[in-house]
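Colleague: I would like a close look at a single part of this model, the parallel sheet and its pairing. Please set it in the context of what lies around it and of the other chain.

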Amino acid sequence: MATPPKISRPDVSRAASRDESKARVVAEDAKAPGPRPATLDEIRADRERWEKETLAPTVAKSPDQDEIAYETRSGIPIKRIYTPEDTASLDYLMQLGWPGEYPFTRGIYPTMYRGKTWTMRQYAGMGTATETNARFKYLLKEGQTGLSVALDLPTQLGFDSDAPEAEGEVGKVGVAIDSLHDMEEIFNGIPLDKVTTSFTINATAPILLAMYRAVADKQGVAANRVAGTVQNDLLKEFGSRGAWVLPIDPSMRLVVDVIEYCCKEMTRFNPISIASHFRDAGATPAEEMAYTLSDGKAYVRACLERGMDVDLFAPRLSWFFYTYTNFFEEVAKYRAGRRIWSRMMKEEFAAKKPVSQMLRVACVCGGHSLQKAEPLNNIARLTIETMAVTMAGLQSVFTAAYDEAFSIPTELAAKTSLRIQQIVNYETDVPKTIDPLGGSWFIESLTDAMEEKVLEVMDKIEKRRGMVECLRSGWLQSQIAQRAYEWENKVKTGAEKIVGVNVFASEEPPQEVEIYEVDPRLEKSQVERLHRARRERDQAAVSGALERLEKDARGTANLMPAIVDAVKVYATTGEIMGTLRKVFGEYQPTTAF
Amino acid sequence: MPSEPRLRVLVAKPGLDGHDRGAKIIARALRDAGMEVIYTGLRANVEAIVQAAIQEDVDLIGLSMLSGAHKTVGVRITELLKERDADIPVIMGGVIPSKDHDLLKSQGVAAIFGQEDKIDQVVAKVRELALAHQRASRSGD
């Protein structure tokens, strides 16, 4: 007899409960003496034994709590327990592979956070350019590593601060940028080669990008050294966020203009951040990923139609997603998303460079998951969400503020959110290893299930001839509204539980939090600032620039050069967008619900 | 007893904000509660909202506001309604800080709802206000 193994496996009891496996186990042992892990068959057999001997009597006494839905937000069933059986068919090299290599499931960089911490990028911007400049300097001093500019609605929609449409909205949800003067002021004393800046701007993205470039020129920073992002994703505006201006076709043209321009002139700048606001409007996590990747697909096709090389523009595509408290599903969502995108880029669009296949993701933690009731509870929600996205290996994180449901954040709320990220980075072990949840039977099963679900929805969209057609027909909007209504009903019936809202609902009046208030005199001073800018500029140069823009718009040229020239002579956001409105008209929104 | 005609409600999204998840949910909930609901779609102009409300002979106007422009819009709409002698009740919902409620209510806004309010409460209040308006306008016929 061989020496008995030092570490004995409990295969005696296992084999005893399944006689027929005993002989095989012994036979295998004879071939490979010494300790060996249990085989799948043995695990299955022993699970069945456990279910009968240990689980069943307990379940008979105290069954699962039936008011809890054992499924993810996307409707994927969650089993009581996951075992190696659930990942039996997982092919490590094909489905997971190595970080920094296809299919990027475990992360897009070989060292992930060991080499570089994610970018902590808090969305900020309010009131005037001067106030925003002060908030940016404060955040940089507090250790923030990238800037993110929130714009007010008139700027987002191409109205100047003195337009009738802008009344009451100037400087409210972000900063007002009427002309290059405002952009210069925001970045006064902030060298553009030392920071990266993200603009949540879409319909007027070409104008804001042109202004940013003009500031770089004035600071003496070469355009191809400037880094940052413009969101520039119009499809999701039609589908969910609502900040559209032009009809769908000219909107797509301008999106591609910006991508093409950046690929030539501002090669470090992300010309688009394909964003998932569908989620905040109601979509499930699987639908969110499917709609957003399908938008990506529509942009890839549009760039190819423009004649661009896939390996030129694909590396510049960046992404933005929402994350709520459904922790494991969120991690699985991002892992599945990276896998789907890389496969699609490689197989369907023949992208050859690895960087063309990477899903580079920024995210927001918070959004619709944040509650007005007992607002400090939101700090816990934001922490869970920040843990999820860092365990999922994202590149840039915005943790929203606990007072989100009240107003734009106060300084304390904004700082607390940044601190959440810093605590996750410095006080936990999350960033110390890559893809820390990888290999978990639950996470791997869920990643596969999410992938399947996302592909199912993407397939549905393809059958409807892609996202652009799904938007035109209103199909997408009605899907999202339906999900939002379903969610609301789940909260109403208690099928989904929200602490402080429908469980442990506070009887006390809502907690008062300090609310950031926009100075009511701001609108007037911004209008005065705009009027001064109009007085002081070379009017003939402005007219000339706008005429050229109109001519280009009626033709087929890329509109970015004309827009850059126009902002440099201080043509305003409203004048430039007004010229495009004149040529292309406006999108007509759907009134279905 | 003669049956009451269906209540008609205008759900409007004034201002420039594009987040209409809330407006659409309320519109559907009111429709499911048996009311006839007209939704304006995004960026409804204040004049157009008042015009539509009068033309469509609605029993209530619901405004969804999230961008912080609620004071400007709330005041404008209630004033326009007064100018045209229309006593259609107006309610508001969205992100409206409690410190602004008094001003809006003194302007004649009948109720203000926020994320903390349950849909059933909103539906009940809409029904109460719209029914009162319908009865008042029928007795005035």
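Modeller: What follows starts with the sheet of chain A and then moves to a loop residue, the contact between the chains, and chain B. The model is predicted, and the description should be read with that in mind.

The sheet in chain A is open and has 5 strands, in the order S2-S3-S4-S5-S6, with parallel pairing. Its edge strands are S2 (123–124) and S6 (269–270) of chain A, each of which pairs on one side only. As general background, strands of a sheet pair through backbone hydrogen bonds, either parallel or antiparallel.

Strand S4 of chain A, residues 196–199, is a convenient place to follow the pairing. Towards strand S3 (residues 147–149) of chain A, S4(A) is joined by 3 bridges, and the two strands run parallel. Here Val149(A) stands opposite Phe199(A). Towards strand S5 (residues 227–230) of chain A, S4(A) is joined by 4 bridges, again in the parallel sense. Two of the pairs can be named: Thr197(A) has Gly228(A) as its bridge partner in S5(A), and Phe199(A) stands opposite Val230(A). Phe199(A) is thus placed opposite Val149(A) and also opposite Val230(A).

Are the faces of S4(A) covered or open? Both are covered. Thr196(A) and Ser198(A) lie on one side, Thr197(A) and Phe199(A) lie on the other, and all four are buried.

Outside the strands, Val170(A) is worth a look. Val170(A) sits in the loop between H6 and helix H7 (180–186) of chain A. Despite the loop position, Val170(A) is buried, because 29 other C-beta atoms lie within 10 Å, and the cut-off for burial is 20 or more. Leaving aside neighbours within four places in sequence, Val170(A) is in contact with Asp152(A), Pro154(A), Ser161(A), Ala176(A), Leu522(A), Glu523(A) and Gln526(A). Val170(A) and Ile201(A) are 31 residues apart in sequence, and their C-alpha atoms are 16 Å apart in space.

Helix H6 (153–156) of chain A also takes part in the contact between the chains. That contact takes 32 residues from chain A and 27 residues from chain B. On the side of chain A, H6 and helix H19 (475–493) each supply at least two residues, and H19(A) gives the largest share, 5 residues. By class, this side has 17 nonpolar, 7 polar and 8 charged residues.

Chain B has parallel pairing of its own. Strand S1 (residues 8–12) of chain B and strand S2 (residues 36–39) of chain B pair in the parallel sense over 4 bridges, with Ile38(B) in S2(B) as the bridge partner of Leu10(B). In S1(B), 4 of the 5 residues are buried, so the strand is largely enclosed by the rest of the structure.

Chain B also offers a helix pair. The axes of helix H2 (residues 46–55) and helix H3 (residues 70–83) of chain B come within 10 Å and cross at roughly 40°, which makes H2(B) oblique to H3(B). The crossing of H2(B) and H3(B) is right-handed. H2(B) contributes Val46(B), Glu47(B), Ile49(B) and Val50(B) to the contact, and H3(B) contributes Val73(B), Arg76(B), Ile77(B), Leu80(B) and Leu81(B). These residues divide into 7 nonpolar, no polar and 2 charged.

Key: Residues are numbered from 1 along each chain as its sequence is written. Chains are lettered from A and ligands numbered from 1 in the order in which they are written. This is a predicted model: local features need pLDDT of at least 70, side-chain atom pairs count only at pLDDT 80 or more; totals for chains, interfaces and linings use all residues. Axes are lines fitted to C-alpha atoms, for helices over the stretch in contact, and angles run from 0 to 180 degrees between N-to-C directions. Angles under 35 degrees count as roughly parallel, over 145 as roughly antiparallel, 65 to 115 as roughly perpendicular and the rest as oblique. A crossing is left-handed if the near helix is turned anticlockwise from the far one by less than a right angle, and right-handed if clockwise. Two residues are in contact if their C-beta atoms, placed from the backbone, lie within 7 Å. Ala, Val, Leu, Ile, Met, Phe, Trp, Tyr, Cys and Pro count as nonpolar, Asp, Glu, Lys and Arg as charged, and the others, Gly among them, as polar. Two strands pair if DSSP finds at least two bridges between them. A residue is buried if 20 or more other C-beta atoms lie within 10 Å of its own, exposed if 12 or fewer, and partly exposed in between; C-beta atoms are placed from the backbone.
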